[in-house]
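Trainee: I'm fine at the bench, but I rarely read a model like this one. Could you walk me through it, one feature at a time?

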Amino acid sequence: MTLLNAQRISMQFGGLIALRDVDMRQVAGETLGMIGPNGSGKTTFVNVITGHLTPQRGEVHFDDISLLGRKPFQIAAAGLTRTYQAVRVFSELTVQENIATALVDAARPLDSDGVAETTEWLELRHRLDARAGSLTLYEQRRLEVLMRLVQRPKLLMLDEPVGGLSSTEVRATIDLLSELKARCTLFVIEHTMKVIRELADRVVVLLAGEKIADGPPAEVLADQRVVEKYLGSADA
Amino acid sequence: MTGLMRRWLAHAIFALAAFATPLLLSGNRYFAFIAGITFFSVLWATGMNLLYGYTGLMPLMFGGIAGISAYVTIGLSANGWSFWLAMLVGSVAASLVGIVLGLPALRLRGFYFTLCSLVIQTVITLAFVYFVNLTNGDVGISHIPLPELPGGRQLAGTAYELVLATIAVIGVVVLTVIVESSFGRRLTAIREDDGLAETLGINVTRQKLAAFFVASLFASVGGALYAPYVGFISPRSFDVLLSLNIWVMVAFGGRGTIWGPVIGAVILAPVPFVLQDYYTIKDVVYGLLIIGVVVLLPGGIVGGVKRKGRADAPAAVAKQAAPVR
Amino acid sequence: MSDTTLIILLSTITTGLMLGLIFSLVAVGVTIIYGSIWMPNAANGQFFLLAALFAWSTSVSWGLQPALAALLVIGSSVPLSYALEILLVRRFYDVPNRNISYFVLTLGITQILSGIFSITYGVWSDQFQLPPLVPGVTMLGPFPIANNRLAAMLIAAVLLAILFALLRFHRYGRALRAVFQNRDAAALRGVNVRGIYRMSFVLGNAVIFAGGVLFACAYSFDLTIAWTMAITAFAIMIIGGPGSVLGALVIGIVFGLTQAVASIFASPTIAAFAYLGAMLIILLFRPSGLFAR
């Protein structure tokens with residue numbers, strides 16, 4: 001079943017073209033990876049899908065409802081949510097309060113057992129009373145994911161989930177995310193190729209706002225054009 | 001001690017003190033009047049705390065909304081309405097006008113919101129001066145009659161102060177209930193990071209509007225009761241200085257805490273009276289206080305919400321400039 | 001065209017230009033400070049009034065020659081700015097949401113100054129008038145204009161031209177504009193950002209003072225001009241685009257002419273409503289202003 005269907009998305013800022021006729025389909029249960037150099041339009045794409053930006057052209061359907069013109073909070077209620085490239089939690093509030101805030105307007109909230117179990121699974125149980133701003137980056141990343149999971153999203157878009165983490169933490173995050181695949185559909189933007197290779201069922205490559213490749217990771221990462229344009233220059 | 005008692009202990013003490021003060025001071029009208037003015041300040045500071053402390057918006061049109069309510073209430077009572085009905089209509093009307101005027105401002109954040117609210121306050125003040133046949137212009141309205149009680153007696157003296165104490169206590173209780181409800185949780189989320197709040201499914205604009213309406217009710221109930229209590233109002237009674245003075249009570253006490261602004265109001269509201277003969281330097285004292293709070297006490301004396309650190313600068317800078325979509 | 005019409009026309013244009021040039025000066029001062037330090041100086045109107053009152057004191061009470069008094073007043077803004085910078089402004093340079101802190105801070109300064117003025121100057125007089133800078137009257141066709149106002153107008157125009165040239169061509173101006181655009185990038189290119197901050201605070205205030213002095217030379221004034229000027233300068237800055245010197249210049253002149261026309265056909269209150277309305281619209285729909293840099 002097609003979960004997300006974006007067609008011919010075009011986005012321009014002034015004279016700068018951020019996205020040009022990008023098509024994207026994702027079926028439920030499939031983990032999609034998105035790669036591309038800085039400024040290739042990855043985050044802009046997520047911003048368009050989640051209602052933070054309105055594209056000049058294109059259509060987005062999620063679960064067979066049209067998303068264009070809907071506000072971020074309505075899109076969240078429809079079951080599509082995202083994290084941010086720079087970690088973003090309510091840093092002055094405690095972990096417990098952060099979770100409670102995520103639950104307050106959740107359309108399909110987890111019950112309290114589910115919340116407790118997910119908190120345990122993300123190893124944040126012992127940090128419930130800590131101020132979120134006092135957590136380590138890795139803990140904050142997990143809290144971000146926890147705040148999304150208590151809302152039981154159908155699709156979770158992760159914008160560079162391992163950015164700034166150490167190699168052991170990256171390893172642990174990959175393991176967490178591969179377990180997470182059983183709970184909801186994932187869309188992962190990442191520069192770290194290891195994450196994409198291990199998690200993604202399919203990879204999309206953006207270059208200067210255009211989709212230049214789309215297919216299974218092994219195939220795409222071996223594609224001559226991708227290697228030349230992106231991998232050759234990146235620290236993959 | 002049961003949990004319920006412990007939870008409301010501070011409120012009980014505050015209520016007791018609030019009701020005892022007018023009774024204890026009933027022998028001296030001057031001191032009793034200072035207590036009365038302090039109750040207004042507590043009510044107003046508590047209302048502004050909902051916006052500034054819990055929602056993160058600094059509304060400089062607060063005084064203007066109190067003024068609209070005062071003028072409407074006086075106007076209606078002068079036309080034969082019962083004061084209490086006039087107050088009800090005046091308060092709700094002023095809050096609705098506040099929302100309509102504030103609607104555009106709610107699209108903005110931070111400094112731009114505050115500037116916009118200052119412009120709206122200026123427009124309200126200009127309107128008070130301009131529509132002379134409704135407001136008597138710069139001269140103001142004096143000899144405002146006291147509210148009538150059922151049975152034909154007038155609400156005056158200690159009884160009036162007891163009503164004000166009641167209103168102040170109700171205000172603090174209402175704020176506490178809001179803060180502990182899911183409404184309060186949404187507002188706190190908006191204060192901390194409205195973009196993240198929206199991503200988590202919170203309808204930011206609607207919540208801000210609701211907060212605005214409730215806070216405006218605090219302003220306007222106070223405004224309606226203020227006019228007959230003091231007996232005289234003019235456009236200057238409700239200008240930007242009133243909003244600033246209430247703001248400084250909230251900030252000085254500690255925004256985003258229930259009791260900080262109450263303490264701030266109790267300490268600062270009597271200051272102009274303490275200065276007595278030097279009443280004219282009130283503005284200078286309040287101005288120095290504003291600077292002192294901004295520079296030395298960003299969290300207030302109770303230690304409320306502090307200024308954000310450098311760490312989240314880029315996001316904060318980026319979101320300042322553009323209006324919320 | 002009859003003489004009366006011509007006189008009205010000429011008087012409107014000269015008043016409009018005069019006011020416009022002064023508005024521009026003050027708004028340029030405000031926008032230079034906002035553009036660099038991110039400080040919305042709500043006290044600009046009180047600074048403007050302070051300069052005007054100080055000019056009145058030095059020329060009327062002390063009997064100083066008006067031109068000398070004007071120079072003295074504008075010069076006095078420099079130590080004042082330095083003191084404020086060291087005491088208050090400097091500590092917020094690295095605070096992320098400092099524009100709101102500055103806004104509140106300058107509202108506090110506004111309250112202090114207005115309190116001080118009302119218990120000093122306010123007690124002495126309602127209206128303040130300076131002796132003329134240059135005596136005599138010049139005839140523009142049938143329309144007489146005081147040489148004094150002509151001189152003030154000329155000086156304002158020259159000052160604006162110098163400022164504009166300074167910002168466009170001088171090393172300091174280029175550094176200032178680099179800081180306007182991107183403070184971190186400017187710092188990387190070796191610009192002394194804090195030095196530029198201090199300079200723009202000093203320069204901006206000097207320009208606001210110059211506006212106040214020239215206004216005092218051309219018109220009699222009372223204490224209420226402070227608040228009017230503050231709101232007007234903010235409106236000009238927001239509409240012209242915060243940080244845009246060209247915007248402040250153009251919109252300042254437009255405002256001056258509008259005010260002159262409005263005073264003939266309606267009332268100053270209507271003009272004020274118009275400014276505020278225009279400012280609200282810009283704030284809502286084009287917060288970067290008409291002359292976004």
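Mentor: Sure, let's start with secondary structure: helices (H or I, at least four residues) and strands (E, at least two) are DSSP runs, numbered from the N terminus. In chain C that gives 12 helices and two strands. Keep in mind that this is a predicted model, where local features need pLDDT of at least 70, side-chain atom pairs count only at pLDDT 80 or more, and totals for chains, interfaces and linings use all residues. As for labels, residues are numbered from 1 along each chain as its sequence is written, while chains are lettered from A and ligands numbered from 1 in the order in which they are written.

Trainee: In what order do the elements of chain C run from the N terminus on?

Mentor: They go α-α-α-α-α-β-β-α-α-α-α-α-α-α. Chain B has 14 helices and zero strands, so its pattern is written with α alone, as the definition of elements would have it: α-α-α-α-α-α-α-α-α-α-α-α-α-α.

Trainee: How do I judge whether a chain is compact?

Mentor: Use the radius of gyration, taken over C-alpha atoms, and hold it against the globule rule, 2.2 Å times the number of residues to the power 0.38. For the 293 residues of chain C the rule gives 19 Å and the chain has 19 Å, so chain C is as compact as a globular protein of that length. Its C-alpha trace spans about 60 × 45 × 35 Å along the principal axes. For chain B, with 325 residues, a compact globule would come out near 20 Å, and the value of 19 Å agrees. The C-alpha trace of chain B spans about 60 × 55 × 40 Å along its principal axes.

Trainee: And what share of the residues in chain C is buried?

Mentor: First the cut-offs: a residue is buried if 20 or more other C-beta atoms lie within 10 Å of its own, exposed if 12 or fewer, and partly exposed in between, with C-beta atoms placed from the backbone. By that count, 49% of the 293 residues in chain C are buried, and 52% of the 325 in chain B.

Trainee: Can we try that on a single helix?

Mentor: Take α2 (residues 44-61) of chain C. The expected span of a helix is 1.5 Å times one less than its number of residues. For the 18 residues of α2(C) that is 26 Å, and the end C-alpha atoms are 25 Å apart, which agrees. This helix is mostly covered, with 15 of its 18 residues buried. Just after α2(C), G63(C) takes a positive phi of about 75 degrees.

Trainee: Which pair of chains has the most contacts?

Mentor: Two residues are in contact if their C-beta atoms, placed from the backbone, lie within 7 Å. Two pairs of chains touch, and the most contacts are between chains B and C. There, 38 residues of chain B meet 35 residues of chain C. On the chain B side, α5 (110-130), α10 (240-253), α13 (282-296) and α14 (313-321) each supply at least two residues. α5(B) gives the most, with 11 residues.

Trainee: How does the chain B side divide by residue class?

Mentor: Ala, Val, Leu, Ile, Met, Phe, Trp, Tyr, Cys and Pro count as nonpolar, Asp, Glu, Lys and Arg as charged, and the others, Gly among them, as polar. The chain B side that touches chain C has 27 nonpolar, five polar and six charged residues.

Trainee: What about chain A?

Mentor: Its contact with chain B takes 20 residues from chain A and 14 residues from chain B. The chain A side divides into 13 nonpolar, three polar and four charged. Chain A and chain C do not touch, and their nearest C-alpha atoms are 13 Å apart.

Trainee: Last one: how do I read a sheet?

Mentor: Two strands pair if DSSP finds at least two bridges between them. In chain A, four strands form an open antiparallel sheet in the order β2-β1-β4-β5. β2 (16-27) and β5 (65-66) of chain A stand at the edges, each with a single partner strand, so one side of each lacks a neighbour in the sheet. β4 (residues 57-62) of chain A pairs with β5(A) over two bridges, and F62(A) has I65(A) as its bridge partner in β5(A).
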